[in-house]
Amino acid sequence: MDTGVTRNLLVLLARFFSGASVRWIDSQPDTCQRVYFANHTSHLDAIVVWSALPQRIRALTRPVAAKDYWTAGRIRRYMANRVFNALLIDRTDIKVHRSPIDLMIQEIGNRYSLIVFPEGSRSSGREIGEFKSGLYHLCKKRPDLEAIPVHIDNMNRILPRGEVLPVPLLTCITFGPPIWLEAGEPKVEFLRRAREAVCRLKEIGA
Amino acid sequence: MWDWKTLGLVVGVLVLLGVATAVLHFVRRRVDTGLDTGVIETFRVRVRAWWVLFSVVAAALLIPSPIATVVLFGLISFWALREFITLTPTRPGDHRALFWVFFLCTPLQFVLVGMGEYRLYSIVIPVYAFLFIPARIAIDGDSKRFLERSAKIQVGLMICVYCLSHAPALLTLPLPDDGWGSHARLLFFFVLIVQLSDALQFVWGQMPRGHVIAPSINPAKTWEGLLGGAASVSLVGVVLCWATPFPLWLAAIMSAVIAVMGFAGGMTMSAIKRDRGVRDYGTLVEGHGGVLDRIDSLCFAAPVFFHLTQYYLWLTGT
């Protein structure tokens, strides 16, 4: 099937399953280079955030996803590579001389934006977990990237951990105002600030 | 295609909606009418919802077979159910039960309605799904708030799917004049009376010094609103009697019953919303009420209107 058709179909499907409620709070969709960072509760998170973006921005945005999950099976591989152009990271084989951060920076060049999930693995859904340091290193090497907090509500109920079949409840995707890494800001401080930005969006949504 | 009676009913409603829209434009442009802006906003949301509701129902009824209408109501049910369950706290242990509720029970109910299998669709959800839901949750092994969780899913399925499915089921009743037009008119009459009784109860509820029925549930519902709405919608029923299979007196009683059931639906849904601490069920269009907010009275009135009509048809021997 034509990739463009599949892409639009997948977006429609993702919007249908997630209920298509998208909000931008103190923030605007823009094609400038950004890194969207979101809480992580389900395998569908990457697709749902990606589908929530307007089309011209979507074309320039690549979700960062786990290689082991998205290369298992032909359909997933096709979707990750051809449909939403995911940047697949090998979680089991991280080399020192070629870290995932370097790979991300190389892949986005001065054109693409990224969707990342700094919690690393999926949380249970109630609490947002501590952020891993990847987001900090990314922002340190590319301080010009706007970091946009994103909160995904209810996704853990649509497809909880360990389930295969989704239940079509309504989610709400909230995009917040950008943050930047301040000059000389310590890692712990930045990650705390980033996590709070997502938590704040959660409270607004409640 | 439609006969002149059906056409008259549908065109009449569309003209009425046009008038309502015109009045709305006039009122919104003037600031000196002394009307509460909240009332105008409520009216605006209602008028918009009516346009959508009546256009899609009319469009579905254009096709002289129940299928399009059954599919339409199936989709409305599906959306209402997802709004209901989204606002109901569930636990991961409910996931499998919910999957079957959404993808088996809901479509099956409407398939059976479309086939006119009354003996099946009247019991599949209240008996079989009712028993299945708690059993499936129990198998997942999470006992926390077990009864509450089962009941919430059961109630959602009953109100959003079972009750609402009785509206398109009107198309499968054996009417004395067995043409498509009389079936389409019966459903259209029902939807119209439900919506009018909602609106008339709201208007009567604006009367000063009204007696609010339960302030903590819904401060807008008053005894004056209920009685005034039921009485005036009975008159509408009499006027529209020609469109129904009922005699004059019965059209009036049916309309009054619809009004009371619509009121009961509104009150029940308000109570659920207050308990969950929300004002509306969804944000389908820029912060307005969701599908469930618009169809609560339809859900409650549909099975009662269906059964009364069926009983009347049985009594008169058709």
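This passage describes a sheet in chain A, a helix in chain B and the contact between the two chains, all taken from a predicted model.

In chain A, 7 strands form an open sheet with mixed pairing, in the order 1-7-6-2-5-3-4. Strand 1 (21-24) and strand 4 (87-89) of chain A form the edges, each pairing on one side only. On average, neighbouring strands of this sheet are turned by 20° against each other, direction ignored. Strands of a sheet pair through backbone hydrogen bonds, either parallel or antiparallel. Strand 6 (residues 146-153) and strand 7 (residues 172-175) of chain A run antiparallel and are joined by 4 bridges; His151(A) stands opposite Thr174(A) in strand 7 of chain A. Across strand 3 (61-66), strand 4 and strand 5 (113-116) of chain A lies helix 6 (residues 100-108) of chain A, at about 170° to strand 4 of chain A.

Turning to chain B, helix 4 has 21 residues, which at 1.5 Å a residue should span 30 Å, and its end C-alpha atoms are indeed 30 Å apart. A kink of about 35° in helix 4 of chain B is centred on Val101(B), and Val101(B) is one of the buried residues of this helix, with Phe102(B), Cys105(B) and Phe110(B) also among them. The cover over these buried residues includes helix 3, helix 5 (118-121), helix 6 (124-139), helix 7 (146-163) and helix 8 (166-169) of chain B. Gly116(B), with a positive phi near 70°, follows helix 4 of chain B.

Finally, the two chains meet through 12 residues of chain B and 11 residues of chain A. Helix 3 (66-86) and helix 4 (95-115) of chain B each supply at least two residues of the chain B side, which by class has 5 nonpolar, 5 polar and 2 charged residues.

Methods. Residues numbered from 1 in each chain as written. Chains lettered and ligands numbered in written order. Predicted model: local features only at pLDDT ≥ 70, side-chain atom pairs only at ≥ 80, totals over all residues. Contact = placed C-beta atoms within 7 Å. Nonpolar A, V, L, I, M, F, W, Y, C, P; charged D, E, K, R; others polar. Pairing = 2+ DSSP bridges. Axes fitted to C-alpha atoms, helices over the stretch in contact; angles between N-to-C directions. Expected span 1.5 Å × (residues − 1). Bend = angle between axes of the 7 residues up to and from the residue. Buried ≥ 20, exposed ≤ 12 C-beta atoms within 10 Å, placed from the backbone.
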